[in-house]
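Colleague: I'm new to this one. Could you take a close look at a single part for me, the aromatic rings, and walk me through it?

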Amino acid sequence: MINPATDERPIRVALFSEINSKFGAPFLHALDSHPSVSLVGLVTTKPGAVCSYFLGEGYQVDLVAEARSRRIPVLRPVDVNSGESVQAIKELAADYFIVMNYQQILHEELIGVPAVAPINFHTGLLPKYAGLVPHFWMAKYGERDTGVTAHIISPGIDAGPVIAQRAMTLTGVETALGIRRIHERACLRLLHELIPQLCTREIGATEQDLRWRRYFGRPQERDYWINFGHSRCQVLRTIRAGYRHPGAYALTRDGHAVTVLSAEELGVVVDPAAVPGRVVMTSGEMCVRARDGWLRVLTVDIDGEERPPQGVPSDFLTTFRPRETGIGTL
């Protein structure tokens, strides 16, 4: 172990992040501008690939262009664990890997490369919400407790010892995009708080209690489908989870997809005889029957823009499918 009392060299950090990551961009800026850090390389997405989290947003980032403008070496491996990639990353001679929104899994040989430790920043309070797209699943389930975690990377996904966590409270009605932006700011604050500790080259960590672990995979198309046979609360959670990209969708009986971006509970009964999924256009408003009452659809996606539903063709808007049978592709 290097003696922190005698070693005052800047720590050498390799950043792993997706090319278009709005988590990774502020990490790159913070690490490169910190006087106690030498950002020795960016390991990012293979050419032609992007992270789906940030699609459909007007403002985009490009970590490769940003790194090159700062003269930071860039590696874009197709397989980060290949022998060639591991050797190239070894040549960066990093004390730490800092992983923030990088979607290739680091295998054991690569995990052992940094001189001090490989550290992942996760957007959840591990061991809960391990895995992919925590902001989607938190919106989907109306989560009220969230936070961010810095942990040592181990062979198990999001299972390594925890260095630090920061907890936060949600209202339970945030969209996935809103939760993601909360996480973006919280992860950056946690990085700034941890850098002084990392500079000692001695870090403490606590094993996770994996009895509480809950792992989530990448959302599938079915997870974005609005089932109007569910309660209004469940329907609204699905809509918030889909916001803003790709958006939650409802299917008409003949298979047309309508991407619903926002809705609210309606306190009146539009049609007492209506079954779940029934659509009524009244006074320019789209009202839909859920299992336990009515919802007003506020905005939908029309040609990539968020608009009121008046622009949706009304000739096929009679009923949305209330059951899972026959779900088609978008």
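Modeller: Let's start with a word we'll need: a residue is called buried when its relative accessible area is under 20%. Keep in mind too that this is a predicted model. Now to the rings. There are 12 aromatic pairs in total. One of them joins F16 and F97, with the centres 4.7 Å apart and the planes at 50 degrees, a tilted arrangement. F16 belongs to strand β1 and F97 to strand β4, so this pair ties together parts that sit 81 residues apart in sequence. Both F16 and F97 are buried.

Next, have a look at Y53 and F54. Their ring centres are 5.8 Å apart and their planes meet at 55 degrees, so this pair counts as tilted. Y53 and F54 are both buried as well.

Then there's a cluster to find: Y129, F136, W137, Y141, F216 and Y224 come together as one aromatic group. Y141 also has a charged partner, since the charged end of R214 sits over the Y141 ring, 5.2 Å from its centre.

The two strands from the F16 and F97 pair turn up again around helix α1, which spans residues 24–33 and has G24, A25, F27, L28, A30 and L31 as its buried residues. Among the elements covering those buried residues are β1 (11–16) and β4 (96–100), along with β2 (37–43), α2 (63–69), β5 (117–122) and α6 (176–199). So if you'd like one more aromatic residue to look up, F27 is one of the buried residues of α1.

Note on methods
Residues numbered from 1 in each chain as written. Predicted model: local features only at pLDDT ≥ 70, side-chain atom pairs only at ≥ 80, totals over all residues. Heavy atoms only, no water. Buried < 20%, exposed > 50% of the residue type's maximum accessible area, 1.4 Å probe, protein only. Helix = DSSP H or I, 4+ residues; strand = E, 2+ residues; numbered from the N terminus. Contact = heavy atoms within 4.5 Å. Phe/Tyr/Trp six-rings, centres within 6.5 Å; stacked < 30°, edge-to-face > 60°. Lys NZ or Arg CZ within 6 Å of the ring centre and 35° of its normal.
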